[in-house]
Amino acid sequence: MKALLLENIHPVAVENLEKAGFEVELRSKSLSEDELVAALPGVTLLGIRSNTHITPRVLDAATDLRAIGCFCIGTNQVDLAAAAEHGVAVFNAPYSNTRSVVELVIGYIISLARRLPEKTEKMHAGVWDKSAKGSHEVRGRTLGIIGYGNIGTQLSNVAEALGFYVIFYDIADRLAHGNARRMKSLDALLEEADVVSIHIDGRPGNLGMFGEEQFAKMKPRSLFINAARGFLVDNDALRKHIESGHIAGAALDVFPIEPKAQGDAFESPLQGLDNVILTPHVGGSTQEAQEEIGWFVSGKLRDFIRSGSTALSVNLPAVQPPPLGAGARLALLHDSVPGVLAELNNLLAAEGVNVTGQYLATAGETGFVVTDVTDIPPTTLVKIEGNPHTRWVRTYQV
């Protein structure tokens, strides 16, 4: 079986998959839709980061593909519904780079509050500008976090330890950490926060959620951070408010359009502005985070192929069966309609197959059942495959 890993995925993923018996091909950059269509026949596992987009056309062409590993937090670059229809499991790393992103955001805030981008630029130009003008401590300031998930909550904890007052807004019901306060509306947060940091996901409904209206409601001389998704923010509106002096500084790690490969040209309306930090989508790009992501996601891909485990899959029902003992295992992805499990068990009984364990989960229109049996006669497998509600069936042996 072959695994194709794109976008400089950490070598630990290669090691993990090769130990599991995969032939691994590495490519350093992302691939376009046409390039993916050409590259994926014969590929069992695909590893990507945020710059490779998996469309229905790509999935139609990837007839051998069983699973996609997103070696990052986000999965909006994959058409998850289309992947589920094709029976392709999608996994990500929802926690592995959380600390790296949080540390970068804290670094942004301190750098902007002390106006370090301007100071270092002048020093490189040979200008000694020793002044406290516009430079502030972060202690006692109010940090407003938009999106209080894994990253938002950890940022809340670290920021509070530094002396911030923390407020947050999230459409989901989230438990406040420490002394953080939930705000009833985004507008209420913007009116109070000295620093606004976005940490929401990339679902289509969030496109352009922060623009002219939101910047206008921020406190005068406040700071703005986006280390979430580039298409969430109107950067032209941000430039306008920085140039007017309403926003005192900003830091962005993500952009609506990002280069595909190392060294490619980059353009943004925010280039050339004082007290603006632009970084090339490196929030999770620490050696520690990338190694952890490589290990975690490759392990999920390996376990799916080896044992049928869909634990933490983002698009298929989550089933985590125990290690396979004696006998055989049958994994069935099927339409979630009444009677499928009964039909399967009646068929196994009629074929004289003894069931030793069974694990089922459903999600939406999809069901997934893993059944451990003494053996699987070929005739039984053919009958299961012939069921109109079967999407795919796979077998595993010790």
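Select residues 330–375 as the opening stop. The end C-alpha atoms of this span lie 9 Å apart, and the span is 24% helix and 50% strand. An unreviewed UniProt entry annotates residues 330–375 as "domain: Acetolactate synthase small subunit-like ACT". The model on display is a predicted one.

Next, select residues 107–283. Here the same kind of record, an unreviewed UniProt entry, places the feature "domain: D-isomer specific 2-hydroxyacid dehydrogenase NAD-binding". Over residues 107–283 the chain is 28% helix and 17% strand, with 11 Å between the end C-alpha atoms.

**The whole chain**

Now zoom out to the full protein. Its C-alpha trace spans about 85 × 45 × 30 Å along the principal axes. The protein holds 13 helices and 16 strands. Of its 398 residues, 51% count as buried. Among contacts with a separation of 6 or more, 63% are between residues 24 or more positions apart.

Colour the model by domain. Domain 1 takes in residues 1–92 + 286–313, domain 2 covers 97–278, and domain 3 covers 317–397. Between the centres of domain 2 and domain 3, taken over C-alpha atoms, the distance is 49 Å.

**Strands of domain 1**

Select strand β3, residues 45–48. L45 and G47 point one way from this strand, L46 and I48 point the other way, and all are buried. Add β1, which pairs with β3 in the parallel sense over three bridges. To find one of these bridges, display L4 and its partner in β3, L46. Then add strand β4, residues 67–70, which runs parallel to β3 and is joined to β3 by four bridges. A bridge to display here links L45 with A67 in β4.

**The largest nonpolar core**

Show the side chains of L5, F22, L45 and F71. These residues have the most contacts inside the largest nonpolar core, which has 31 residues. Several elements give two or more residues to this core, including β1 (2–5), α1 (11–19), β5 (89–91) and β13 (328–335). The helix α11 gives the most, with six residues. Which domains each supply at least three residues to this core? They are domain 1 (1–92 + 286–313) and domain 3 (317–397).

Centre the view on F71. Not counting residues up to four places away in sequence, F71 touches L5, I9, A13, G47, I48, R49, I293, G294, V297, S298 and L301. Within that list, G47 and I48 will be recognised from strand β3.

**The loop at T279**

For the last stop, select T279. This residue lies in the loop between β12 (276–278) and α11 (287–307). Is T279 buried or exposed? T279 counts as buried because its relative accessible area is 16%, under the 20% cut-off. Display Y108 as well: a polar contact of 2.4 Å joins the side chains of T279 and Y108. Leaving aside neighbours within four places in sequence, T279 is in contact with Y108, L252, D253 and F255. Selecting these four residues together with T279 shows the surroundings of this position in the loop.

Notes. Residues numbered from 1 in each chain as written. Predicted model: local features only at pLDDT ≥ 70, side-chain atom pairs only at ≥ 80, totals over all residues. Heavy atoms only, no water. Domains from an automatic or database assignment. Buried < 20%, exposed > 50% of the residue type's maximum accessible area, 1.4 Å probe, protein only. Polar contact = N/O pair within 3.5 Å; in protein donor to acceptor, adjacent residues only side chain to side chain. Contact = heavy atoms within 4.5 Å. Core = buried A, V, L, I, M, F, W, Y, C linked by side-chain atoms within 4.5 Å. UniProt positions renumbered as here; feature names shortened; annotations may be inferred. Pairing = 2+ DSSP bridges.
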